[in-house]
Amino acid sequence: MSDLFKIKIVYSQSHTIGPKIIFGILVIFSLILLIQAIMKAKKENRPLLDFKHKHFFIENYDRVKLFGTGILLILYIMTMNLLGFIPAGILFISLFNILYKGSREVKSILISIGIAISETMLVWFIFGYMFGITLP
Amino acid sequence: MIEFGILEGVIALLGVVIGIIFGALPGMTATMAIAIFLPLTYAYDLTTSVYLLLGLYVGGISGGLVPAILMNIPGTPSSVTTGFDGHPMAMKGEGVRALRIGITASLFGGILSLVVLALFTPVLARLAIKFSAVEKFLIILFAMTVIAALSKGKMTKGIFTGFLGVFISLMGVFPDNQTLRLVPSMFSMELRDGFQLLPVLIGLFAFSQLFQEAEKGMRQTMMHTDILKGHQSKKFSFKDFKGQFINMFRSASIGTFMGILPGIGGSAASLLAYSQCKTFSKNPEKLGTGAVEGLVASESANNGLTGGALVPLLSLGIPGDSTTAVLIGAFILQGIQVGPLFITQNPVIWNTILFALLIANIFMFIVMFYPIKYIAKIINIPKNKLYPGIILLCIVGAFSTRSGNMVDVFTLVIFGLVGYIFSKLDLPVTTFLIGFILGRDLEKYFIDSLKGSGGNLSVFFSRPIGLAVWVLIFASLAYAFYDNRKHHKEASL
């Protein structure tokens, strides 16, 4: 019985104790969450996985801005070391501004580029030049 | 002794102004402001950084009253009751008066909580110095039960994400035997120390919000009518506070006390202060129609939180809410371990924290009180122009974490997605972050306790202080169960 209240610590395996316990707790709570979801679905008289009425995205969500953000972010991160901080910043912050503004007018695009240039230069000046923080 | 100079003053002012902007914009919070501006603290020592961080904290909490009064949309959860009376006042042409009353009450709440912080923290810390590994483990376990209390109406989900945070924090090398664990072999070099705190923080609180706003199309919550323009029917006067001292003192005390209790949160503090105000009011029927006392109660309570929430953080190392969780992250990044020894080992920083909080409250008052008509325009800053700049700051922050390690930049995006998916699945992010921050210490003290007792688990029940902490743990769990049931009942009504 007293062995139940003992945990044998073997030096070479001591790194596994914490993760095993936490994983066990996570499994228990996953099961509780599942049971709660099943009970709730039964109470509301609907299937457990109700794809018809539950949607991941909000109604009329902005596909262009959401997926555009994801794509631009990945492209920005992939290319920033290649292009350097200032060119990559100006290019992608302009594109983010244009994407979020949603206007194709030349004036609006030029304003977006202007904002991107000033923001990138300001961040470079404060972080990179004044404080010497490593930038791409 | 304190450290203060022109630079520190300018930094505190900058922090307050940025914090107010973030607090005033619905959807942006003090937590987000601190997370985004953390990288800037790399350029400074801790004392200077404290001025920036506390400026952001006080500014972020205070800024929330602007949209609450002008649009009846709380800028932060803690200003939820501010609009109850503040907005009707604004609609009656008393917008400036309402804002100034709110700002003055905020200053009072902030100062009172600062006094409590100065008096309470050393006492708690002196008690906590006697803690062995066993009590330290139990205190962190107590903090984990706070996670349950934090997750209003979704306790199981809160505990689950809290332990998920702990699990993720265990990735990387285990210090005792220097063995890598939970990391795929292809990332064994990059994730040797696991995920870094800073990109995790920024990802969870800034990038997840970015994805949510992008999904909504970056729509703006504009002020429909410019209610501050034109003739103001009644002007602000300090006489407005006549007969309000007891109300202000009671509400600020409630806010401070609720702040000390980890996990209760700002909205609960201002709701309780508001309901107490109604109970003791001579004219309770006037509350909700533009009564000064309701506004005073709400605002003095939510700024009372600022000092209160720092008590468990600085004495025990327990973050009570998302903002203090980010603040503890800031201390860790500066190489400072907050906890029982913090005050004795860092007396200058401790005094500086108190002074910085005082300065931040005074700056908040000066910055908001006089130019409030202009400050109020902050809420009309277009989000579509703000977010590209935020993306730039976040990327710089993540990139500079380990001087150019690209894994940290990808960590930012990964945890931004994690935060976004959590919001979709109604899983609490704050509990995940608290688990992530406390996870490694939880494991360390657990293993140390076991090593000291030959693996005997009864060691956790063998010391008197430990038993007292167990009482706290069960009390916290009992509160969490009660609160969870209450929220479920309210939701089903």
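**Warm-up.** Which residues does Ile34(B) touch, not counting residues up to four places away in sequence?

*Solution.* Keep in mind that this is a predicted model. Start with the partners numbered in the fifties: Leu53(B), Leu56(B) and Tyr57(B). Then jump along the chain, where Ile34(B) also touches Thr323(B), Val326(B), Leu327(B) and Ala330(B). Now put that residue in its wider setting. The largest nonpolar core has 186 residues, and Ile34(B) and Ile202(B) touch the most other members. As for where that core comes from, α5(B) gives the largest share, 16 residues.

**Exercise 1.** Take Ala125(B) and work out whether it is buried or exposed, then find what it is in contact with.

*Solution.* Step one is to place the residue: Ala125(B) sits in helix α5 of chain B, which runs over residues 82-128. Step two is the neighbour count. Ala125(B) has 22 C-beta neighbours inside 10 Å, and the cut-off for buried is 20 or more, so Ala125(B) counts as buried. Step three is the contact list. Once neighbours within four places in sequence are left aside, Ala125(B) is in contact with Ser315(B), Pro340(B), Phe342(B) and Ile343(B). One further pair is worth a look: Thr344(B) is 219 residues away from Ala125(B) along the chain, yet 8.9 Å separate their C-alpha atoms.

**Exercise 2.** Decide for each chain whether its radius of gyration agrees with a compact globule.

*Solution.* Begin with chain B, which has 19 helices and 2 strands. For 493 residues a compact globule would have a radius of gyration near 23 Å, and chain B has 22 Å, so the two agree. Its C-alpha atoms fill a box of roughly 75 × 55 × 50 Å along the principal axes.

Now turn to chain A. Here you find 4 helices and 0 strands, in the order α-α-α-α along the sequence. The globule rule gives 14 Å for 136 residues, but chain A has a radius of gyration of 26 Å, well over that, so chain A is more spread out than a compact globule. The C-alpha trace of chain A spans about 75 × 50 × 20 Å along its principal axes.

The domain assignment adds to the picture of chain A: domain 1 covers 2-43 and domain 2 covers 63-130. Taken over C-alpha atoms, the centres of these two domains of chain A are 45 Å apart.

**Exercise 3.** What percentage of each chain is buried, and what percentage of contacts joins residues 24 or more positions apart?

*Solution.* First, burial. In chain A, 23% of the 136 residues count as buried. In chain B, buried residues make up 59% of the 493. Next, the contacts, counting pairs at least 6 apart in sequence. For chain A, 45% of them join residues at least 24 apart. For chain B, residues 24 or more positions apart account for 80%.

**Exercise 4.** How many residues does each chain give to the contact between A and B, and which elements of chain A take part?

*Solution.* Count the two sides: chain A gives 49 residues and chain B gives 51. On the chain A side, the elements that give two or more residues are α1 (17-43), α2 (63-83), α3 (85-101) and α4 (106-130). The largest share, 12 residues, comes from α1(A). Then sort the chain A side by residue class, and you get 31 nonpolar, 12 polar and 6 charged.

How confident is the predictor about chain A? The mean pLDDT of chain A is 88, with 96% of the residues scoring at least 70. Among the elements of chain A, α3(A) has the highest mean, 94, and α4(A) the lowest, 89.

**Exercise 5.** Where are Asn60(A) and Asp426(B), and is each buried or exposed?

*Solution.* Some background before you start: most residues other than glycine have a negative phi. Asn60(A) has a positive phi, near 50°. You'll find Asn60(A) in the loop between α1 and α2 of chain A. Asn60(A) has 8 other C-beta atoms within 10 Å, and exposed means 12 or fewer, so Asn60(A) is exposed.

Repeat the steps for Asp426(B). Its phi is also positive, near 60°. The loop that holds Asp426(B) lies between α17 (406-424) and α18 (429-452) of chain B. With 9 other C-beta atoms within 10 Å, Asp426(B) is exposed.

How values were computed:
Residues numbered from 1 in each chain as written. Chains lettered and ligands numbered in written order. Predicted model: local features only at pLDDT ≥ 70, side-chain atom pairs only at ≥ 80, totals over all residues. Contact = placed C-beta atoms within 7 Å. Nonpolar A, V, L, I, M, F, W, Y, C, P; charged D, E, K, R; others polar. Rg over C-alpha atoms; globule rule 2.2 N^0.38 Å. Domains from an automatic or database assignment. Core = buried A, V, L, I, M, F, W, Y, C linked by C-beta atoms within 7 Å. pLDDT = per-residue confidence, 0-100.
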